[in-house]
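Trainee: I am new to this structure. Can we go through it step by step?
Mentor: Yes. Take a look first, then ask.

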Amino acid sequence: MDVETLSLPTVSGGANGSAVTWIWDYKSDGARDGEYTITISLSYCEENDFRAMGTYMIAFPGGDEDGGIIGMIMGLLPVIIIIIIAVVVIVFLIRYLKNRREA
């Protein structure tokens, strides 16, 4: 999988080294847990080139639990059904009691 949503690099550090950080919007790229190969190539002129590559197992936080708005609605569906049933029962009881008093 090719990464498409990397941010611009952020550089921080001190006198003896620097840290270069990118932020990846893995959800937009549709990433899943698994093995990823990460390749970094840095250079500041043609003669000074640094290249590193590694393979890593990555597990993303939340897994497939985040289903967006549909996932949220499906998670709340039992609560929504209970509320609807409660409203129907209350309306039925109010009408029943009202009709009983009028009779």
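Trainee: What area does the protein chain expose, and what share of it do carbon and sulfur atoms supply?
Mentor: Keep in mind that this is a predicted model. The protein chain exposes about 9,300 Å². The share supplied by carbon and sulfur atoms is 61%.

Trainee: What pattern does the protein chain follow along the sequence?
Mentor: Start with the elements. The chain has one helix and four strands. Read along the sequence, the pattern is β-β-β-β-α.

Trainee: What percentage of the residues count as buried?
Mentor: A residue is buried under 20% relative accessible area. The chain has 103 residues. Of these, the buried part is 6%.

Trainee: Is A31 buried or exposed?
Mentor: Place A31 first: the loop between β2 (18–21) and β3 holds this residue. Its C-alpha lies 8.8 Å from that of V3, although the two are 28 residues apart in sequence. The relative accessible area of A31 is 17%, and the cut-off is under 20%, so A31 is buried.

Trainee: Is M57 buried or exposed?
Mentor: M57 sits in strand β4 (residues 48–58). Its relative accessible area is 63%. The cut-off for this class is over 50%, so M57 is exposed.

Trainee: Which residues is M57 in contact with, leaving aside its neighbours within four places in sequence?
Mentor: Contact here means heavy atoms within 4.5 Å. For scale, M57 and T37 are 8.9 Å apart, C-alpha to C-alpha, and 20 residues apart in sequence. With those neighbours left aside, the contacts of M57 are G34 and E35.

Trainee: Which strand gives the largest share of the lining of the largest pocket?
Mentor: The largest pocket holds about 420 Å³ of space. Its lining has 13 residues, and V3, L6, T37, I38 and T39 lie nearest the centre. Six lining residues come from one strand, the largest share: strand β3 (residues 34–45).

Trainee: How many residues in the lining of the largest pocket are nonpolar?
Mentor: Sort the lining by class. Two residues are polar and two are charged. The nonpolar count is nine.

Trainee: How many aromatic pairs does a search of the whole structure find, and what kind do W24 and Y26 form?
Mentor: The search finds six aromatic pairs. W24 and Y26 have ring centres 6.4 Å apart and planes at 70°. Over 60 degrees is the cut-off for this kind, and the W24 and Y26 pair is edge-to-face.

Trainee: Why is the pair of F92 and Y96 stacked?
Mentor: Both residues lie in helix α1 (residues 68–102), four residues apart, about one turn of the helix. Their ring centres are 6.4 Å apart, with the planes at 15°. Planes under 30 degrees apart meet the cut-off, so the pair is stacked.

Trainee: What relative accessible area does Y96 have?
Mentor: Set its partner beside it. F92 counts as exposed, at 55% relative accessibility. Y96 is partly exposed, and its relative accessible area is 44%.

Trainee: Which residues do ring pairs link into a cluster?
Mentor: Go back to the edge-to-face pair, W24 and Y26. Ring pairs join these two with further rings. The cluster is W24, Y26, Y36 and F60.

Notes. Residues numbered from 1 in each chain as written. Predicted model: local features only at pLDDT ≥ 70, side-chain atom pairs only at ≥ 80, totals over all residues. Heavy atoms only, no water. 1 Å grid on protein atoms, 1.4 Å probe; cavity = no way out; pocket = protein on both sides within 12 Å on 5 of 7 lines; lining within 4 Å. Points joined across faces, edges and corners; volume = space filled by probe spheres on them. Helix = DSSP H or I, 4+ residues; strand = E, 2+ residues; numbered from the N terminus. Nonpolar A, V, L, I, M, F, W, Y, C, P; charged D, E, K, R; others polar. Phe/Tyr/Trp six-rings, centres within 6.5 Å; stacked < 30°, edge-to-face > 60°. Buried < 20%, exposed > 50% of the residue type's maximum accessible area, 1.4 Å probe, protein only. Areas by Shrake-Rupley, 256 points an atom, 1.4 Å probe, with all protein chains shown as cover.
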